[in-house]
Amino acid sequence: MKIGLLIRLAVFLVLVALLIQPDLFQGFFALFARPTQPAIYNQGNLLDITISHLTIVAIAIALSTVVAVGLAILVTRPFGAEFLPVSRTIANVGQTFPPVAVLALAVPILGFGTAPTLIALFLYGLLPIFENTLTGLTTLPPNVIEAARGVGMTGRQRLMRVELPLALPVILAGIRLSTVIALATATIGSTVAARTLGEVIIAGLQSGNTAFVLQGGLIVGILAVLIYDALAGLERWLTARTGQKQAAAN
Amino acid sequence: MSLAASADIEKKPWHRLDKLGVLVAIIGLAGLALPFALFRANRIVPGEGIGIVGSLDDGWSILLIAAIGAALATALVRFRPIVKLAAGFLALAVLAFAIGAAASHLTPADNNYARVAPGAGFWLLLLAFSLMVTDALTRLRLRPVWRVALLAIVLGAIGLILWSGLWSNLSLLKEYASRAPAFWQEARTHLVLAFGSVTIATLAGIPLGILCYRVKPLRAAVLNTLNIVQTIPSIALFGLLIAPLAWVAANIPGASNIGISGIGIAPALIALFAYSLLPIVSNTVVGLLGVNGQVVDAARGMGMTDRQRLLNIELPLALPVILTGIRIVLVQNIGLATIAALIGGGGFGVFVFQGIGQTAMDLVLLGAVPTVGLAFAAAVILDAIVEQISIKGRGA
């Protein structure tokens, strides 16, 4: 456990160094470029592009979370119960839509730039979060809900104090899945002129410069692994916390 | 309290109202209000929206509005799912005919440049009735065989419409007509990429999964490595394989003869294979771990060898979970294969990226629609197979 943490810290520091002082890695990346080619991406600042990439992903996932959790709460209340079966099917069917298609179809409506990428990431992020929230809210132990009802909690109180806190780890697992998918999918956004790390990769593909492809790919990959691990850690902590509370209540 | 509520249903008329139907009706009415078709003087310029009344002859447009109105009214009332299903499918068929007729009506004679595409109104109506059909199908809980049969009927109907030429004046099919040979070429490539990579991944992934199940120390290492592969963005993985494969093609005799080269289908196939391994390996492990220990003990007690237990007991019992993994991967790879076009690997992505480059929406659709259709059909068929096997497994 400790060693794992140290490795992650080291990887994070390497990533920061690569973003702030890319020239330090000149020698390494030069191995992958032809002698006449630049080894470090020279058409923009790597740090700026990474921040833009992360911002787009963060906004999209925040929106997906609000909408998906809201919808999942709605269809699990008595008022929206009629929508539950069909919303499950839609979530299933929605996942068959490839992200590239969603992105491409958003362009004619929204034009080139960040907007279509944001929409595509938002739509694609909805489904895992929605499905997980649904699972979390529909598989709660019935005796806990009964107990909450028994102590006289209203529907809203049950939702806010019992159901959502208990479902939180599962919801977070959905957010983690969506975030990792969005981090990788955002690179495709560069084909429609969004400012993401895909820019670096595509510049490499177009000029046959493997060093650029490697740089873009490495940064996205490391970001994804670190964010994945951080969110997984948060989930474990939350599960342990709710578990402890349950044990204390027993 | 709940008893009283259910008794009320019969008395109060608004309890006959279908809540999902309200949503369907709202989307449908918005669809009626927005332009039904888009007319453009050529394939690049922005279009001009035309309502239902302008898109068809007066008599037909009144008939169409009446049919849509009737279907939306059916959606609003709590009928049996089968009634809703029939009404929804009927409305979809009417829409399919109407958009073809509208394209023929709006295209001036002898004009090859004009383009007629479905407008926002058409898409919303399509969404409304698809929602109605989906809800009815979910409630009917059809058996797997019937779901596949229904899919075959719908695909057959679409094929029949395409063959009859009813849609020939739609912009999407005009794009197709001007590049039909390329379309089928890319379709073949797309299928080779998606199905080929999944086949290789299945052949490699199931044994690897069995190995990980048997040798516990290996499990975490293999699954973590495959997890990291998944985080590499697809365009980067495609790109990173170009250089090593170019080296192999140039330096290993015979490699280029069997089709290995830096760009093209080989790096795309390998990248898709790499993405497919994790779900297949991890589902094989999970499936095998989920096999009831008592069953395995009983098999051991009967004197079955390790190999017999694996082949006759454990793998058959784990099959639904393994197949679920293959389903996830197949649907995912049908979508991901579009990205192969960026490195010259071909597939439907060629049209998508060409379309983005030319800002030609119809060209994007020519690539996107078959991809989505293929992924959808694969999902329905594999879901049905998984469910059928699970039912059989439980019955035995």
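This is a short talk on a predicted model with a chain A and a chain B, covering confidence, the interface, one helix and a few side chains.

Ground rules, quickly. This is a predicted model, where local features need pLDDT of at least 70, side-chain atom pairs count only at pLDDT 80 or more, and totals for chains, interfaces and linings use all residues. Residues are numbered from 1 along each chain as its sequence is written, chains are lettered from A and ligands numbered from 1 in the order in which they are written, and side-chain values use heavy atoms, leaving out hydrogens and water.

Confidence comes next. pLDDT is the predictor's confidence in each residue, from 0 to 100. Chain A averages 86, and 96% of its residues score at least 70. Within chain A, helix H3 (residues 46-76) is highest, at a mean of 94, and helix H5 (residues 99-110) is lowest, at 78. Helices here are DSSP runs of H or I, at least four residues; strands are runs of E, at least two; both are numbered from the N terminus. Watch residues 244-250 of chain A: pLDDT is below 50 there, and beyond near neighbours in sequence the stretch has 2 contacts in the model. Contact means heavy atoms within 4.5 Å. Where pLDDT is low, the predicted coordinates should not be read in detail.

Now the interface. How many residues of chain A are in contact with chain B? The count is 39, facing 41 residues of chain B. The two chains bury about 3,200 Å² between them, 80% of it on carbon and sulfur atoms. Buried area is the accessible area (1.4 Å probe) that two parts lose on being put together, summed over both. On the chain A side, Glu82(A), Thr96(A) and Leu205(A) lose the most area to chain B, together 19% of what that side buries.

Between the chains there is 1 salt bridge. The term means a side-chain nitrogen of Lys or Arg within 4 Å of a carboxyl oxygen of Asp or Glu. Here Arg78(B) pairs with Glu82(A), at 2.7 Å, N to O. Several helices of chain A each supply at least two residues to the side that touches chain B, among them helix H8 (155-185) and helix H9 (198-207). H10(A) gives the most, with 9 residues.

Over to chain B. Helix H6 (residues 120-140) has 21 residues and reaches 30 Å from its first C-alpha to its last. That is close to the 30 Å expected, taken as 1.5 Å times one less than the number of residues. Its buried residues include Phe122(B), Leu125(B), Phe129(B) and Asp135(B). Buried means under 20% relative accessible area, exposed over 50%, partly exposed in between (1.4 Å probe, protein chains only). What do they pack against? Helix H4 (84-94) of chain A is one partner; others, in chain B, include helix H5 (81-106) and strand E3 (115-118). Right after H6(B) comes Arg141(B), with a positive phi near 50°.

Two buried side chains. Thr179(A) lies in helix H8 of chain A and has a relative accessible area of 10%. Beyond four places in sequence, Thr179(A) contacts Val57(A), Ile61(A), Ile227(A) and Leu231(A). Ile161(B) sits in helix H7 (residues 144-164) of chain B, at 14%. Ile161(B) touches Ala96(B), Leu166(B) and Trp167(B), on the rule of skipping residues up to four places away.

Last, salt bridges: 15 over all chains. In one of them, Glu146(A) meets Arg149(A) at 3.6 Å, N to O. Both lie in helix H7 (residues 142-150) of chain A, 3 residues apart, about one turn. In another, Arg179(B) meets Glu175(B) at 3.0 Å. Glu175(B) is buried, at 1%.
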